[in-house]
Amino acid sequence: MEYLIGSLVVGVLWVACLILRKDLRYQMLWAGGLYAAVMTVGFFAVKLFKNIPEYQAINPGYWTPDTLFDLNYITGGFSIEDVLFMLFFGGIVAVMYELIMRVPPPSASIRSGAKLSIPLGIVAAALVSLTGVNLIYSLIIFGFVGAFVIWLQRPDLIRRSLVSGASFLVLYIGLYSIFLFFFPTFVTVHYNLENISGVVPLGIPLEEYLYALGFGSSWSVVYPYMRALG
């Protein structure tokens with residue numbers, strides 16, 4: 001149940017942000033909900049159109065954490081804990097810049113989040129099919145490519161992206177290190193290190209660092225980017 005505990009701890013941080021910065025609530029809920037929807041659509045799109053071998057699946061190709069109702073194993077990498085993780089971290093990443101720089105949120109709201117989840121999810125699924133590597137690398141690519149595309153179109157968001165990406169990386173690794181203090185064997189027991197890089201700085205797989213940096217750099221600018229599009 002370590003994964004559930006970790007996700008709920010992140011949920012406490014998410015709730016704290018909602019309480020302390022009421023002006024950021026809409027942005028957090030929109031971004032967190034969209035990220036969870038995009039990843040859900042992408043995952044099931046892959047399962048629907050492609051028979052993923054075990055080495056490419058999140059479970060067991062990347063890791064094998066215990067989850068509620070054993071859903072991670074049954075689905076090949078999608079569980080209730082995953083949805084909580086995506087909702088909470090998706091919301092936190094979206095407001096990292098406002099929290100750190102202590103600035104107000106963008107003034108306008110966005111109504112098109114639900115519609116975005118389908119095309120973005122399909123793009124994420126396509127990455128899996130095209131690369132043929134483990135799903136975690138597709139998520140890493142999705143993050144960095146997404147950030148780069150936004151940088152090209154909105155250079156004014158580069159600073160926000162870099163600050164948020166670096167800050168989220170520090171937060172993510174910090175929380176993971178605390179998590180490993182209480183569950184020191186989690187990585188060695190639940191990660192398939194032979195199927196990934198096998199590099200574990202500070203006891204944490206390198207892929208987690210790359211995922212955090214790419215995700216933080218891209219998802220932190222999705223809201224202001226989409227707001228400008230109307």
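This tour moves through the salt bridges, some aromatic pairs and a cavity of the structure in your viewer. Keep in mind as you go that the model is predicted.

**Stop 1: the salt bridges**

Side chains of opposite charge can pair when their charged atoms come close. Searching the whole structure turns up three salt bridges, and we can visit each of them.

Start by selecting Glu98 and Arg160, and show their side chains. These two meet in a salt bridge, with 2.9 Å from N to O. Now colour the helices around them: Glu98 sits in helix α6 (residues 96-101) and Arg160 in helix α9 (residues 158-182), so this contact ties together parts that lie 62 residues apart in sequence. Is Glu98 buried or exposed? Glu98 is buried, with a relative accessible area of 1%. Arg160 counts as buried too, at 9% relative accessibility.

Next, select Arg21 and Asp23. A salt bridge joins them, and their closest N and O atoms are 2.8 Å apart. If you switch on a surface here, compare the two partners: Arg21 is buried at a relative accessible area of 17%, while Asp23 is partly exposed at 39%.

For the remaining bridge, go to Arg154 and Asp156. Here the closest N and O atoms are 2.7 Å apart. Asp156 counts as exposed, because its relative accessibility of 52% is over the 50% cut-off.

**Stop 2: two aromatic pairs**

A pair of aromatic rings is described by the distance of the centres and the angle of the planes. The count for this model comes to 28 aromatic pairs, and two of them make good viewing.

Select Trp30 and Tyr223 first. Their ring centres are 5.3 Å apart and their planes stand at 75 degrees, so the pair is edge-to-face. Zoom out and you will see that this pair links distant parts of the chain: Trp30 belongs to helix α2 (residues 25-49) and Tyr223 to helix α12 (residues 222-229), 193 residues apart. Trp30 counts as buried, at 9% relative accessibility, and so does Tyr223, at 3%.

Now move to Phe85 and Tyr172. With centres 6.4 Å apart and planes at 85 degrees, this pair is edge-to-face. Phe85 lies in helix α5 (residues 80-94) and Tyr172 in helix α9, so the pair ties together parts that are 87 residues apart in sequence. Both rings belong to buried residues: Phe85 has 15% relative accessibility and Tyr172 has 6%. You have met helix α9 already, since Arg160 of the Glu98 salt bridge lies there.

**Stop 3: the cavity**

Rolling a probe the size of a water molecule over the atoms shows where empty space is left. How many cavities of 30 Å³ or more does a search of the whole structure find? The search finds one, and the largest cavity has a volume of about 50 Å³.

To see its walls, select Tyr35, Met39, Leu139, Phe142, Gly143, Tyr211, Phe215, Ser218 and Trp219, which line the largest cavity. Helices α2, α8 (135-153) and α11 (206-219) are the elements that give two or more residues to this lining. Which element gives the most? That is α11, with four residues.

Finally, colour the lining by residue type. You should find seven nonpolar residues, two polar and no charged ones. While you are here, follow helix α2, which contributes to this lining, along to Trp30, the partner of Tyr223 that lies in that helix.

Note on methods: Residues are numbered from 1 along each chain as its sequence is written. This is a predicted model: local features need pLDDT of at least 70, side-chain atom pairs count only at pLDDT 80 or more; totals for chains, interfaces and linings use all residues. Side-chain values use heavy atoms; hydrogens and water are left out. A salt bridge is a side-chain nitrogen of Lys or Arg within 4 Å of a carboxyl oxygen of Asp or Glu. Buried means under 20% relative accessible area, exposed over 50%, partly exposed in between (1.4 Å probe, protein chains only). Rings of Phe, Tyr and Trp (its six-membered ring) pair if their centres lie within 6.5 Å; planes under 30 degrees apart count as stacked, over 60 as edge-to-face and the rest as tilted. On a 1 Å grid over the protein atoms alone, a cavity is a set of points where a 1.4 Å probe fits but cannot get out, and a pocket is an open set with protein on both sides within 12 Å along at least five of seven lines; lining residues have an atom within 4 Å of a point. Grid points are joined across faces, edges and corners, and a volume is the space filled by probe spheres set on the points. Ala, Val, Leu, Ile, Met, Phe, Trp, Tyr, Cys and Pro count as nonpolar, Asp, Glu, Lys and Arg as charged, and the others, Gly among them, as polar.
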